[in-house]
Amino acid sequence: MLLNLEGVSKAFKGLKAVNSVSTRLEEGKILGLIGPNGAGKTTLFNLITGVYPPTEGKIFFDGKDITSVAPHARCWMGIARTFQLVRPLPELSVLDNAAIGRVYGRDPIRNRSKAEKASYETLEMVGLAARASEKAKSLTLVDRKRLELARALAAKPKLLLLDELLAGLNPSEVLTSMALIQSIRDMGITIIMVEHLVKAVFGIADQIVVLSAGELIAEGTPAEIACNESVIDAYLGRSLHA
Ligand SMILES: Nc1ncnc2c1ncn2[C@@H]1O[C@H](COP(=O)(O)OP(=O)(O)OP(=O)(O)O)[C@@H](O)[C@H]1O
Ligand SMILES: [Mg+2]
């Protein structure tokens, strides 16, 4: 197992944003994490990346207990993420933004020109190489999302957490991004994707976890989850069956 969550909770004052969540993720798989707004999906990412420690429970990554490991050290160990609200450094070039991942990630390269060369390859993967020298602030939302992914990939992650990468993309951009996510998985990188575009996530995920009000209410293959009555009631409605 690459990731193992054991009874993980996070409370903000009285609110249990994540409530005793346990799940396991095998290496080389895509996990789709779905659920209504405020269900605790981003909070779970913050717990896995170490933004804050859980109030209860343990997190194991690659066989090690990382519950108390600092965020930068988790990055060195191979956990990288994209943010729901994309925030590149606006005055830096697209290439320099991607290179940040290479300098602070797993197996880091401290030499600037080598880091830039390695990062350029991730820009090629996401289709941004032609804009490498532009300032990040000149990019459209779609391209900022691509850059966010390139920066995360430049960190050479074993586990990649994607927070609503497909939100705001048009249908053809969604298809391109889905193919890209699958090709990243085929490189051996394990992925957790938080996504409201249920049809997209069901199309590429190996395993689905459904959160509702902080609790894991269902877990299984996309086919199993699609016919789970409590998930349909809590979240899916008729969207998959329309
Ligand atoms: N830093 C924080 N301080 C206080 N409350 C927080 C904090 N972060 C999240 N919350 C609360 O925790 C709950 C879960 O939020 P979270 O952002 O994890 O949901 P989400 O599933 O990612 O939702 P969305 O689909 O809208 O992105 C919400 O009620 C939110 O208001
Ligand atoms: Mg969120």
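Trainee: Which residues are around ligand 1?

Mentor: Happy to help; keep in mind that this model is predicted. Two elements, strand S2 (15-25) and helix H1 (41-49), each supply at least two residues of the shell. The full set around ligand 1 is Phe12, Leu15, Ala17, Gly35, Asn37, Gly38, Ala39, Gly40, Lys41, Thr42, Thr43 and Gln84.

Trainee: Which element gives the most to the shell around ligand 1?

Mentor: Strand S2 and helix H1 each bring at least two residues to that shell. With three residues, the element that gives the most is H1.

Trainee: How many residues of the shell around ligand 1 are polar?

Mentor: Let's go class by class. The shell has one charged residue and four nonpolar ones. Glycine counts as polar, and the polar residues number seven.

Trainee: Is Thr42 buried or exposed?

Mentor: Thr42 lies in helix H1. A residue needs 20 or more other C-beta atoms within 10 Å to be called buried. Thr42 has 21 within that distance, so Thr42 is buried.

Trainee: How far apart in space are Thr42 and Gln84, C-alpha to C-alpha?

Mentor: Both residues belong to the shell around ligand 1. Leaving out residues up to four places away in sequence, Thr42 touches Gln84, along with Asp163 and Val194. Thr42 and Gln84 are 42 residues apart in sequence, and their C-alpha distance is 8.0 Å.

Trainee: What radius of gyration does the protein chain have?

Mentor: The C-alpha atoms fill a box of roughly 50 × 40 × 35 Å along the principal axes. For 242 residues, a compact globule would come out near 18 Å, and the chain agrees, with a radius of gyration of 18 Å.

How values were computed. Residues numbered from 1 in each chain as written. Chains lettered and ligands numbered in written order. Predicted model: local features only at pLDDT ≥ 70, side-chain atom pairs only at ≥ 80, totals over all residues. Rg over C-alpha atoms; globule rule 2.2 N^0.38 Å. Near = placed C-beta within 6 Å. Helix = DSSP H or I, 4+ residues; strand = E, 2+ residues; numbered from the N terminus. Buried ≥ 20, exposed ≤ 12 C-beta atoms within 10 Å, placed from the backbone. Contact = placed C-beta atoms within 7 Å.
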